[in-house]
Amino acid sequence: MSIQVKEVSKLYGKQKALDALSFEISDAEVVAFLGPNGAGKSTMMKIITGFLPQSSGEVFVNGLNVLESSLEIRKQIGYLPEHNPLYLDMYVKEYLEYVAGIYKLGRNKKKRVDEMIDLTGLGLEQKKKIGALSKGYRQRVGLAQALIHDPKVLILDEPTTGLDPNQLVEVRKLIQDIGREKTVMLSTHIMQEVEAICQRVLIINKGQLVADQPSHSMQNITNQLMFDLQFSTEVPESLLQNIPGVKEVESQSEHRYLISAETDVRAQVFQMAVANHLILLEMKSQERNLEAFFHELTK
């Protein structure tokens, strides 16, 4: 087991950022670590990487206790923080050589730096100062430094922030390729990214685990159905809410409403519209995706 988190809590004064959080991540598994802002994602990642001590509980990386073997664990982890810290006055290749020196790569340093430049597509930028790079290329430099010592575990906090669509595709493929040999734990707010590259999804809310599912079976979290309705005029939400089986009504734009229900309520919606002399312009079922599940579990 690459990562084991056992009943971990973290307090900032009286505020509890993590509340008895437990989960495990297997070898060579790409796992999405999701949650709304302030849920505790970055805090948990910093604890796993040894940058922040937990208030209680235990964390193990490759069988080693993070608090007892912090230095050894850092050799086995590649970490890209949410706010990518880089030396802006250093040149790209110079910076990667500096990081390689910190990890004491010795004779392999030059070869490894060249491999990382090639892997992350920094060839044309390697002689530029980091401060002159775009946000996307700075993220690539961050990925290169996280990978340069060939870690067994990769922790990525919002790795695709600031990337353009073409760069997104390239970095996603890179993470997929890395995940064939290494354990990857990443946080993101881009749900398509999760569906494209992750094998499993962990969702936390207010410091607690609310879902742990294979990404392909997230639809099993709930049996509720979604329906998109559009009327010619505004409809009191209470009329929709009172339909048997309807669990939630969300008002959209242009007299449009999104409802979730336990059963297929399309016939009942039509009957309600007829009974109240309402003109129903459109009614269609909507596929439930990861974004809908995320919203439901963390709202």
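Buried here means under 20% relative accessible area. Strands are DSSP runs, numbered from the N terminus. The structure shown is a predicted model.

**View 1. Strand β9 is mostly covered.** Strand β9 runs over residues 200-205, and six of its six residues are buried. Which residues point one way from β9, and which the other? Arg200, Leu202 and Ile204 take one side. Val201, Ile203 and Asn205 take the other. Both sets are buried, Arg200 and Asn205 included.

**View 2. Strand β9 pairs with β3 and with β10.** In what sense does each pair run, parallel or antiparallel? Strand β3, residues 30-34, pairs with β9 in the parallel sense, over four bridges. One position to look for is Ala32, whose bridge partner in β9 is Val201. Strand β10, residues 208-214, pairs with β9 in the antiparallel sense, over six bridges. Here Asn205 has Gln208 of β10 as its bridge partner.

**View 3. β9 and β10 form a hairpin.** Two residues lie between the strands. Lys206 sits in the turn and has a positive phi of about 55°. Asn205, which is buried, bridges to Gln208.

**View 4. Thr183 is buried in strand β8.** Strand β8 covers residues 183-187, and Thr183 lies in it. The relative accessible area of Thr183 is 1%, so this residue counts as buried, the cut-off being under 20%. What does the side chain of Thr183 reach? The partner is the backbone nitrogen of Ala28, at 3.1 Å. Leaving out residues up to four places away in sequence, Thr183 touches Ser2, then Ile25, Ser26, Asp27, Ala28 and Glu29, and also Lys152, Val153 and Leu154. Ala28 therefore appears both in that contact list and as the owner of the backbone nitrogen reached by the buried Thr183.

**View 5. Asp228 makes a polar contact with Arg256.** Asp228 belongs to strand β11, residues 225-231. Is Asp228 buried or exposed? Its relative accessible area is 9%, which means buried, since the limit is under 20%. The side chains of Asp228 and Arg256 meet in a polar contact of 3.1 Å. Residues up to four places away in sequence aside, Asp228 touches Arg256, Tyr257 and Leu258. Glu282, Met283, Lys284 and Gln286 are also touched by Asp228.

**View 6. The largest pocket holds about 660 Å³ of space.** How many residues line the largest pocket? The lining has 21 residues. Nearest the centre lie Phe51, Arg74, Ile102, Tyr103 and Gln145. Four elements give two or more residues each to the lining: α2 (70-76), β6 (77-80), α3 (92-102) and α5 (135-147). Helix α3 gives the most, with four residues. By type, the lining of the largest pocket divides into 14 nonpolar, three polar and four charged residues.

**View 7. The whole chain, for orientation, has 10 helices and 14 strands.** The C-alpha trace spans about 80 × 45 × 35 Å along its principal axes. The chain has 299 residues, and 48% of them count as buried. Among contacts with a separation of 6 or more, 66% come from residues 24 or more positions apart.

Definitions and conventions
Residues are numbered from 1 along each chain as its sequence is written. This is a predicted model: local features need pLDDT of at least 70, side-chain atom pairs count only at pLDDT 80 or more; totals for chains, interfaces and linings use all residues. Side-chain values use heavy atoms; hydrogens and water are left out. On a 1 Å grid over the protein atoms alone, a cavity is a set of points where a 1.4 Å probe fits but cannot get out, and a pocket is an open set with protein on both sides within 12 Å along at least five of seven lines; lining residues have an atom within 4 Å of a point. Grid points are joined across faces, edges and corners, and a volume is the space filled by probe spheres set on the points. Ala, Val, Leu, Ile, Met, Phe, Trp, Tyr, Cys and Pro count as nonpolar, Asp, Glu, Lys and Arg as charged, and the others, Gly among them, as polar. Buried means under 20% relative accessible area, exposed over 50%, partly exposed in between (1.4 Å probe, protein chains only). A polar contact is a pair of N or O atoms within 3.5 Å; within protein, one must be able to donate a hydrogen and the other to accept it, and residues adjacent in sequence count only if both atoms are side-chain atoms. Contact means heavy atoms within 4.5 Å. Two strands pair if DSSP finds at least two bridges between them.
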